[in-house]
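This briefing concerns the strand arrangement and nonpolar core of one protein model. Please keep the sequence and structure in view while reading.

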Amino acid sequence: MGDTISRHLTVLPRGNGETYLSWRLLNTDATDEPFHVERGRDEVWERITAESVTESTDFSDVTPEPGEYGYRVVDGSGQTSETVSVDSSADPHNLAISFPLRYKPEQFPTRMATGDLTNDGRYGFVIAE
């Protein structure tokens with residue numbers, strides 16, 4: 001049985017040009033899987049880790065100048081994660097994803113669940129009132 005869950009990368013602004021990245025360790029990865037982090041802007045990618053990240057699945061970066069950047073993680077076999085963009089000049093926050101909810105004023109969502117609902121390696125949401 002193969003691993004269908006994606007690497008999933010989250011990047012959060014920490015203020016003053018700083019960003020925090022965190023990614024998923026897959027069950028097929030070695031416990032000391034080597035990762036590199038790449039930062040991109042205007043279609044130009046740069047490896048920003050001088051040495052492999054092997055003892056965690058997170059990384060902090062300070063961008064050369066504040067602004068919008070893309071990030072991706074490369075594992076030991078050369079596979080790249082999805083690209084995630086973040087504005088490094090944004091105020092610090094912990095919101096990794098947002099989406100609008102449409103509801104009637106007399107109805108309000110009371111429960112939400114996330115998971116790989118269709119077994120395609122991507123997360124979905126179920127919201128119930």
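The points below cover the two sheets and then the core.

The model is predicted: local features need pLDDT of at least 70, side-chain atom pairs count only at pLDDT 80 or more, and totals for chains, interfaces and linings use all residues. Residues are numbered from 1 along each chain as its sequence is written, and side-chain values use heavy atoms, without hydrogens and water.

**Three-stranded sheet**
- An open, antiparallel sheet is formed by three strands in the order β1-β2-β5 (strands are DSSP runs of E, at least two residues, numbered from the N terminus; two strands pair if DSSP finds at least two bridges between them).
- Because β1 (9-15) and β5 (58-62) are edge strands with a single partner each, one side of each lacks a neighbour in the sheet.
- β1 is joined to β2 (residues 18-23) by six bridges, and Leu 9 stands opposite Trp 23 in β2.

**Four-stranded sheet**
- A second open sheet, also antiparallel in pairing, has four strands in the order β4-β3-β6-β7.
- Its edges are β4 (44-47) and β7, each with a single partner strand, so one side of each is left without a neighbour in the sheet.
- Five bridges link β3 (residues 36-41) to β6, where Val 74 is the bridge partner of His 36.

**Nonpolar core**
- The largest nonpolar core (buried Ala, Val, Leu, Ile, Met, Phe, Trp, Tyr and Cys residues joined through side-chain atoms within 4.5 Å; buried means under 20% relative accessible area, 1.4 Å probe, protein chains only) has 14 residues; those with the most contacts inside it include Leu 9, Trp 23 and Phe 59.
- β1, β2, β6 (68-74) and β7 (84-87) each supply at least two core residues, and the largest share, three residues, comes from β6.

Key. Buried < 20%, exposed > 50% of the residue type's maximum accessible area, 1.4 Å probe, protein only.
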